[in-house]
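The following exercises concern the fold and the interior of a protein model. Please work through each task before reading its solution.

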Amino acid sequence: MQVEVITHNPRWKNEFEQEAQKIKEIYQELILDIHHIGSTSVPGLIAKPIIDIMPVVSDINAVDKFDQQMRALGYEPLGENGIVGRRFFRKDNEALGKRTHHVHVFDQHSHDEIIRHLAFKAYLIAHPNIANQYGNLKSRLAATYPNDIESYMAGKNEFIKETEKQAVTWYEDKLSH
């Protein structure tokens, strides 16, 4: 898979909102909240043009009953896909031959996972210097591994893990005040 990182697009927020509405219509009362996460949710941050969506639901097992409706929207259900208690879906634009969306559904009790995603986003928004470091890293990795998504992802891993630790501490401190 080709690695493409591009300048932040203000339309990503609208694309999230449009897709979130379609997802809400599928899961209805099962959804407690829905968040735009990942690099496309951070204004000014370069990103792979893939919208990451995180619905929080009251019962993760009930999500499986709606796989057919998600397929009808163009999503491929991939189960937990490496994170226990998550349901992961990906959507491609066949005409363009590109991935467009990821949906990471978490149960309301998956506190650590939910906080990890929300904290990372909030931390990057509140700390533009860290966001710039992350963007520069992504640019370098995309230039080094233009056709190797696994190496690109592996190259970001240490930065993400370290930043997530700082972000979660910062976020939880903010919530407690």
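Helices (H or I, at least four residues) and strands (E, at least two) are DSSP runs, numbered from the N terminus. The model is predicted.

**Exercise 1.** Determine in which pattern the helices and strands follow along the sequence, and assess how compact the protein is.

*Solution.*
1. Counting the elements gives 5 helices and 5 strands.
2. Along the sequence, they are arranged as α-β-β-α-β-β-β-α-α-α.
3. The radius of gyration is 16 Å, close to the 16 Å that the globule rule gives for 177 residues; the protein is therefore as compact as a globular protein of that length.
4. Along the principal axes, the C-alpha atoms fill a box of roughly 50 × 40 × 30 Å.
5. Of contacts between residues at least 6 apart in sequence, 63% join residues at least 24 apart.

**Exercise 2.** Describe the largest nonpolar core and state which elements each supply at least two of its residues.

*Solution.*
1. Of the 177 residues, 46% count as buried.
2. The largest nonpolar core has 27 residues, and those with the most contacts inside it include Met54, Ile114 and Leu118.
3. Strand S2 (51-57), helix H3 (111-126), helix H4 (128-144) and helix H5 (149-176) each supply at least two residues of this core.
4. H3 gives the most, with 7 residues.
5. Beyond its neighbours within four places in sequence, Met54 is in contact with residues including Ile34, Phe106, Ile114 and Leu118.
6. A second, separate core of 21 residues includes Ala20, Ile26, Leu30 and Ile51.

Technical notes: Residues numbered from 1 in each chain as written. Predicted model: local features only at pLDDT ≥ 70, side-chain atom pairs only at ≥ 80, totals over all residues. Heavy atoms only, no water. Rg over C-alpha atoms; globule rule 2.2 N^0.38 Å. Buried < 20%, exposed > 50% of the residue type's maximum accessible area, 1.4 Å probe, protein only. Contact = heavy atoms within 4.5 Å. Core = buried A, V, L, I, M, F, W, Y, C linked by side-chain atoms within 4.5 Å.
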